[in-house]
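Here is a short report on a structure, meant to be read beside the coordinates. It takes the contacts to nucleic acid, then the chain interface, then one helix.

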There are 2 protein chains.
Amino acid sequence: MSTMREVALLAGVSGKTVSRVINGDRYVSSQVKGRVERAVAELGYVPNMLSQSFRAGRDNAVGVAVPDIADAFFGSVIKAVEQHARSRRTAVLVTSLGDDPAGERSAVEALLRRQLAGLIIAPVSTDQSYLAAWQGRIPMVFIDRPAHRIEADSVVEDDFGGAAIAVRHLTNLGHRRIAFVGNAAAVVTTGRRLLGYRAALVEAGIAADPELEGLYLNGAENAVPIIRDMLTRNNPATAVFSSNSQSSIALLAELHDSGHTDLAFISFGDFPMAAALRPSVTVLDQNPARVGETAAERLFARVDGSRARLKRNLVLPVPLLVRESSEISSNQPEPPTKSARTPRTRTSTRRIP
Amino acid sequence: MSTMREVALLAGVSGKTVSRVINGDRYVSSQVKGRVERAVAELGYVPNMLSQSFRAGRDNAVGVAVPDIADAFFGSVIKAVEQHARSRRTAVLVTSLGDDPAGERSAVEALLRRQLAGLIIAPVSTDQSYLAAWQGRIPMVFIDRPAHRIEADSVVEDDFGGAAIAVRHLTNLGHRRIAFVGNAAAVVTTGRRLLGYRAALVEAGIAADPELEGLYLNGAENAVPIIRDMLTRNNPATAVFSSNSQSSIALLAELHDSGHTDLAFISFGDFPMAAALRPSVTVLDQNPARVGETAAERLFARVDGSRARLKRNLVLPVPLLVRESSEISSNQPEPPTKSARTPRTRTSTRRIP
DNA sequence: GGTCCATATGTCACCGATGACAGAGGGCCG
DNA sequence: CGGCCCTCTGTCATCGGTGACATATGGACC
């Protein structure tokens, strides 16, 4: 591939002049400009971004590190970040952290070595102190989960508040046996949601029952035995609060399979078929695109050296989309056939708040 | 952040020697090695990958360009590629192409300028001739859709064969009014699936009916009016073949909402709730992770300069996962209540082939 | 006519790591 | 003992583009 100097040679000018033409410098005669442009076209010259970045000392790219790229939530986050980045001619590097806290550091440092302009990270470990050394040099924004053991910008959803709204909604309908199912690995978010769940129970004067708090490890398929167990006990749950959409999908498959559509159900996080299931599923509407946009905005503000005093930690509200699955009261469980047989009016959704 | 020369100064050696230590060169006395390592630790020195890449003339990174990062299919592809790449200490740059063919070129060229080691692309336009100039310099693998107007490696699913299997399955059950619904924008894949659909009809001695071929534009939500229209006509469809999972999700939401669960249904592409719906949804099991792995393997083989004569175009089979939704025969439509009321045995799935 | 400034182009060094090559010291072998 | 190879370290140039600075030309203005 051709270099700037080759173009210069062909156009009979210096390399610097070619550089000027490429970068639209004012002080180039139209004659020379024409010659250079012809040479560029003839050689199919394309500037080498690597050398530009090298000279500049920084790569015009941002890193995005998330637990799982294929997860719908993070996929949407990445998409939003990428769109914002593109408008700034900034590239996006992605990396999966997996669920192993031990792998986080090396994966993230592999990104940082590249002299990125910024980093967006949804951490999986509970210690990001290793990032302290990089903080002065490259802006970072934490998403979904805040930073641990360092101070950093973050954009998270209102896990506690959202969970509380959902559970409150259930207690208002008379439910007193409400199960919590969540992933023990995603400690931070699950933990905060669990606290919100408990708080709403306390509010309603209900004693928390450890037997109703189901935490599973690894894949969401492991939520299934938990719910089976909970339903075969005496004094079973009448409502389920699922802490993430992965587990919701697994749980609902099981519940539908076993004919347990009489259970009230709320999912933290929307998912594709939520509105199409019978009964349609009430969800807390996490808005991953909003998370991504917000994080990108904040990140680029920092990249641009905005000295504005920015609020460090943004908490996005998580509205409850009330569909059918939560409207099942505890007293008179709707017979499963009813909702399925009646071709109801189109699914209606109430939004709270 | 410190440079190699600073480390060298502190350790009292030349920069080159530091380089040797960093890269594990054999010919360094253990004494010097110790001094350098101490200096590295003291300064927290981290090699500047930008200058390494610049010097090497190539960035140890691959680009992945897909229509939509947030799409579950491409999300899984990216994840698979990223995992493969990570084992080679290679970074992954992602970019969304959207559905606008006009934007493809600039988005892809923005990646290529970065002296990537390789490119994986699911194109949205029907002319990739602009890539010809890059082909000699950087290996490329096309996924999901083959390259147009240039010769390049590709990894695609068996669109034609898969569609034919699905439709054959329906005709075997007696269906003669089978609708096709697909996205007109994803011309290539949809087109091949449409051909497979037609071929299977011909095979069964059924004349293709243009009124049953529903192509929508843009978002999958636009598939909904099409199906509504098809079902309100006289001589309506008794079965639906949905050409992608996005449209399947939209269509099933509509069908369930309007009580049309008596329609036979097959989706090209699995999706999270497919097995949980009643009736559970028969799908053609595209395997995005496999696509990603295969593409990554091929790409890195090329990156490593493998001169092995590799088959240019890989076609991955797409098995049919027969669940319930396709088993509805055309003659005696199962009453919608039955499947919903009976708490059946756990969902069984047959796999073809 | 001299000063000043805008225009237009070139020269050179530099970003940080590393390949090519040089050279010093020491051991081994014929 | 001379030649040779192995070990160890250093010097220098280089990758490609660009910032700092120099230079040259031609009005405009006093």
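In this predicted model, 24 residues surround DNA strand C. A:Ser14, A:Lys16, A:Thr17, A:Ser29 and B:Met4 come nearest. Both chains contribute helices: H2 (15-22) and H4 (49-56) of chain A, and H2 and H4 (49-56) of chain B, each supply at least two residues of this surface.

Chains A and B also meet each other. The contact involves 53 residues of chain B and 54 residues of chain A. On the chain B side, the elements giving two or more residues are H4, H5 (72-86), E2 (91-96), H11 (245-257) and H13 (336-341). H5(B) gives the most, with seven residues. Strand E2 (residues 91-96) of chain A pairs with E2(B) in the antiparallel sense, over three bridges. There, A:Leu93 stands opposite B:Leu93.

The two surfaces divide by residue class as follows.

| Surface | Nonpolar | Polar | Charged |
|---|---|---|---|
| Near DNA strand C | nine residues | eleven residues | four residues |
| Side of chain B that touches chain A | 27 residues | 15 residues | eleven residues |

Now helix H3 (residues 30-43) of chain B. At 1.5 Å a residue, its 14 residues should span 20 Å, and the end C-alpha atoms are 20 Å apart, which agrees. Which residues of H3(B) are buried? They include B:Val36, B:Ala39 and B:Val40. Seen down the axis of H3(B), the buried residues fall within an arc of 100 degrees, so they line one face of the helix. They pack against H1 (4-11) and H2 (15-22) of chain B. The face turned away carries the exposed residues B:Ser30, B:Gln31, B:Ala41 and B:Glu42. Just after H3(B), B:Gly44 takes a positive phi of about 65 degrees.

Terms used. Residues are numbered from 1 along each chain as its sequence is written. Chains are lettered from A and ligands numbered from 1 in the order in which they are written. This is a predicted model: local features need pLDDT of at least 70, side-chain atom pairs count only at pLDDT 80 or more; totals for chains, interfaces and linings use all residues. Helices (H or I, at least four residues) and strands (E, at least two) are DSSP runs, numbered from the N terminus. The expected span of a helix is 1.5 Å times one less than its number of residues. A residue is buried if 20 or more other C-beta atoms lie within 10 Å of its own, exposed if 12 or fewer, and partly exposed in between; C-beta atoms are placed from the backbone. The arc is that of the directions from the helix axis to the C-beta atoms. Two residues are in contact if their C-beta atoms, placed from the backbone, lie within 7 Å. A residue is near a molecule or strand if its C-beta atom, placed from the backbone, lies within 6 Å of it. Ala, Val, Leu, Ile, Met, Phe, Trp, Tyr, Cys and Pro count as nonpolar, Asp, Glu, Lys and Arg as charged, and the others, Gly among them, as polar. Two strands pair if DSSP finds at least two bridges between them.
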